[in-house]
Structures are given as structure tokens and as C-alpha cells.
Amino acid sequence: MVARSSEVRSSAVRHSASQGAGGRRRRGAGRLAGLGLGGAALLVLLTGCDVGKTFGGFGWPQGGITPEAHRMYDLWIASCIAALAVGVFVWGLIFWCVIRYRKRGNELPVQTRYNLPMEFLYTIAPILVVSVLFYYTAVVQTDVNKLTKNPDMTVEVVAFKWNWQFNYRDGQGRDANTVASVLGTSDVIPVLVLPSGRSIRFEEQSRDVVHSFWVPELLFKRDVFPGNVRNVFEVSSIDQEGAFVGRCAELCGTYHAFMNFEMRVVSPQKFDQFLAEKKAGKSTQDALTAIGEKPYATTTEPFDTRRTTNNFNPTDASAGAGS
């Protein structure tokens with residue numbers, strides 16, 4: 001009877017211990033599930049509001065004026081939200097482990113050599129995250145770089161130290177003809193007039209060194225290479241009219257910082273009239289005035305070259321003396 005009673009007590013203890021261990025496992029699984037649901041809820045909450053506007057675009061410029069700009073902006077915002085969701089989940093696991101398995105008195109916490117579900121999670125989850133981000137990045141990049149056979153118009157962008165020339169072409173490629181041109185000088189900022197709502201192909205080339213065609217509202221920069229390289233890209237439409245500053249975004253020499261231009265977006269009717277005025281031989285300023293636009297750039301000013309006799313030969317220094 002004593003032996004049997006001892007066995008019963010021993011069995012009961014083991015059963016109670018196994019129940020306690022199972023309870024702890026269930027509670028741990030519940031916490032993990034709660035963290036996962038919390039991360040999913042955070043992701044849904046963030047995607048349901050204008051996160052980009054709330055958090056300043058997470059460092060990405062806002063105010064894109066083309067469909068391509070909006071696609072790139074949306075990809076950036078979605079990537080940031082995904083990164084935040086993963087971060088919250090990982091931080092939650094770290095703090096849960098710190099609190100759950102902290103040392104209590106002289107008793108060591110449970111020592112675990114391996115955990116197959118956790119190892120599977122932190123091996124497969126990053127691969128899935130990277131694969132999804134790579135897929136959507138490739139889709140957006142392909143769409144942004146897509147070229148069509150017959151865009152509504154073609155503009156040739158010619159960069160040189162330290163200004164711009166914009167040629168309106170009657171077709172694509174080197175064999176097309178220039179029907180009108182805008183040339184910038186040290187005294188006049190070149191104004192690139194474009195229509196809204198039309199697809200536009202840009203064909204870029206440089207006369208000397210590497211430059212970069214950059215209008216911040218387009219949300220990308222396109223390098224302009226010398227030699228036989230002809231960098232080509234398109235925008236499916238420009239959705240907002242107005243004046244937008246353009247710059248060279250590649251260090252190209254002494255007056256790189258002053259190599260500016262202006263992109264003036266007008267209605268298709270005004271643009272057709274502007275192009276007709278240019279074909280008739282009028283200057284860019286006269287053509288802009290004819291369509292009711294300001295004749296000179298409003299977003300930037302010509303730079304001061306300071307190329308004067310006094311600048312290169314100060315009056316207080318004798319010739320040949322050096323300084």
C-alpha cells in the first residue's frame with residue numbers, strides 16, 4: 001500500500017509538471033500570436049492612412065507630378081511600413097525574452113539548446129521579406145523605365161558647361177530633326193516648356209563631361225553622358241501645370257552649382273501655340289509672352305560669373321607680382 005501510494009504521488013507530480021510545462025508553452029505561443037497579430041494590425045493601420053504625409057515621406061521628397069513619381073513614392077512608403085512592421089515584431093520578441101526569461105533569485109531560467117520553430121521563422125521570414133520587396137521593386141523599376149513606340153513628343157536634352165539646350169524633335173533617335181530649340185546663356189535661364197497630359201520622351205546627351213538632368217518634382221535624376229551614349233527615358237504624363245526648377249545633379253566643374261533651368265508645364269493648347277511661335281522664328285521669351293506666360297524663369301536666376309577685369313587683375317596688385 002505504501003509503495004502504491006508513493007507511485008501515485010510520483011505520477012501525480014509528473015502529471016502536474018507536464019501540465020505546467022504545457023501551460024507555459026501555450027502561454028508562450030499565445031504571446032507570439034499576440035505579437036504577430038499586433039504587427040499585422042499595425043501594418044493595416046499604417047496602410048490605411050496617409051503615412052507619407054504624416055511622417056514627411058520617411059525622407060522621400062513629396063509632391064511628385066507624374067505617374068512614375070507616384071509609383072516610386074508608393075514603393076518607398078510601402079517598404080518603410082514593412083520595415084517598421086518587421087522591426088516592431090523583432091523588438092517585441094527581444095523584450096518578451098528579456099522579461100520572460102530573466103533571472104529570478106538564484107534559479108537559472110530554462111536553458112534551451114535549440115528551438116526549431118523559431119529557427120525556421122528567422123531563416124525563412126527574411127527570405128520572404130526580401131523576395132517580396134525585390135519583386136515589387138523590379139515591377140516599379142520596369143514600369144518607370146518603360147519606353148513606348150510612339151510618345152506624343154520628344155525632347156532632346158543637351159548639357160554642356162555650364163548650361164542647357166532643349167531641342168523639340170519631330171521623331172526619335174539621332175536621325176530625327178529639330179523643329180525648335182531653347183538655348184540657355186549666362187544671362188538667360190533656359191525655359192523648357194512642356195504640355196500637361198501628354199507622354200514625353202527625353203533623349204539626353206552631353207557635349208563635354210557627365211551632367212545630370214534633375215527636376216525634384218519628377219522624383220528622379222537622369223545622368224547625361226558624353227560621347228555616343230544617349231540616355232533615354234519617358235514620362236507618361238505631367239499632371240500638374242506650373243514652373244519647376246531644374247538643376248544639374250552631377251559635379252561638373254567650376255559653375256556646376258549655377259547650372260539651372262526651369263521646366264514650365266502649360267496646357268496642351270498653350271504648348272501647341274508656343275511651338276508654333278518658335279517655328280515661326282520668335283525667341284523663347286516672345287513665344288512665352290504670346291501664350292500669356294512670364295517670359296523669364298521664375299524659379300531661379302542667372303548666376304554671376306564675376307568675369308571682370310578687376311576680378312582677374314585686382315587694381316591693388318601690380319602685373320606679374322603674383323599673390
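**Exercise 1. Determine how many helices and strands the chain has, and what share of its residues is buried.**

Solution. The chain holds seven helices and 10 strands; helices (H or I, at least four residues) and strands (E, at least two) are DSSP runs, numbered from the N terminus. The model is predicted: local features need pLDDT of at least 70, side-chain atom pairs count only at pLDDT 80 or more, and totals for chains, interfaces and linings use all residues. Residues are numbered from 1 along each chain as its sequence is written, and side-chain values use heavy atoms, with hydrogens and water left out.

Next, burial is assigned. Buried means under 20% relative accessible area, exposed over 50%, and partly exposed in between (1.4 Å probe, protein chains only). Of the 323 residues in the chain, 34% are buried.

Finally, contacts are sorted by sequence separation, where contact means heavy atoms within 4.5 Å. Of the contacts between residues at least 6 apart in sequence, 65% join residues at least 24 apart.

**Exercise 2. Establish the strand order of the open sheet that contains strand 1 and strand 8, and identify its edges.**

Solution. Two strands pair if DSSP finds at least two bridges between them. By this criterion, five strands form an open sheet in the order 3-2-1-5-8, with mixed pairing. Strand 3 (178-183) and strand 8 are the edge strands, each pairing on one side only. From one strand to the next, the twist averages 20°; axes are lines fitted to C-alpha atoms, for helices over the stretch in contact, and angles run from 0 to 180 degrees between N-to-C directions.

Individual pairs can then be examined. Strand 1 (residues 153-160) and strand 2 (residues 163-169) run antiparallel and are joined by seven bridges; Val157 stands opposite Phe166 in strand 2. Strand 5 (residues 200-206) pairs with strand 8 in the antiparallel sense over five bridges, and here Ile200 stands opposite Val235. Strand 8 (residues 231-235) is mostly covered, with four of its five residues buried.

**Exercise 3. Describe the open sheet that contains strand 6 and strand 7, and locate His211.**

Solution. This open sheet of five strands has the order 4-10-9-6-7 and mixed pairing. Its edge strands, each pairing on one side only, are strand 4 (191-195) and strand 7 (220-224). Neighbouring strands of the sheet are turned by 25° against each other on average, direction ignored.

Strand 6 (residues 211-215) and strand 7 pair in the antiparallel sense over five bridges. His211 lies in strand 6, and its bridge partner in strand 7 is Val224. At 0% relative accessibility, His211 is buried. Beyond its neighbours within four places in sequence, His211 is in contact with residues including Ala159, Phe160, Asp223, Cys248, Cys252 and Met259.

**Exercise 4. Characterise the packing of helix 3 against helix 4.**

Solution. Two packed helices are described by the angle between their axes and the distance between the axes. The axes of helix 3 (residues 67-100) and helix 4 (residues 116-144) come within 9 Å and cross at roughly 170°. Helix 3 is therefore roughly antiparallel to helix 4, since angles under 35 degrees count as roughly parallel, over 145 as roughly antiparallel, 65 to 115 as roughly perpendicular and the rest as oblique.

In the contact, helix 3 residues including Met72, Leu75, Val86 and Phe89 meet helix 4 residues, among them Leu121, Val129, Leu133 and Tyr136. The contact residues divide into 12 nonpolar, two polar and three charged. Ala, Val, Leu, Ile, Met, Phe, Trp, Tyr, Cys and Pro count as nonpolar, Asp, Glu, Lys and Arg as charged, and the others, Gly among them, as polar.

**Exercise 5. Decide how many disulfides the rule yields, and examine Cys248.**

Solution. A disulfide is taken as a pair of cysteine sulfur atoms within 2.5 Å. The count by this rule is zero. For Cys248, the closest cysteine sulfur is that of Cys252 at 3.9 Å, too far for a bond. Cys248 is buried, with a relative accessible area of 6%, whereas Cys97 is partly exposed at 35% relative accessibility.

**Exercise 6. Place two loop residues, Ile65 and Asn145, in their surroundings.**

Solution. Ile65 is in the loop between helix 2 (51-54) and helix 3, and at 1% relative accessibility Ile65 is buried. The C-alpha atoms of Ile65 and Gln240 are separated by 5.8 Å, although the two residues are 175 residues apart along the chain. Asn145 lies in the loop between helix 4 and strand 1 and is partly exposed, with a relative accessible area of 39%. Asn145 and Glu234 are 89 residues apart in sequence and 7.2 Å apart, C-alpha to C-alpha.
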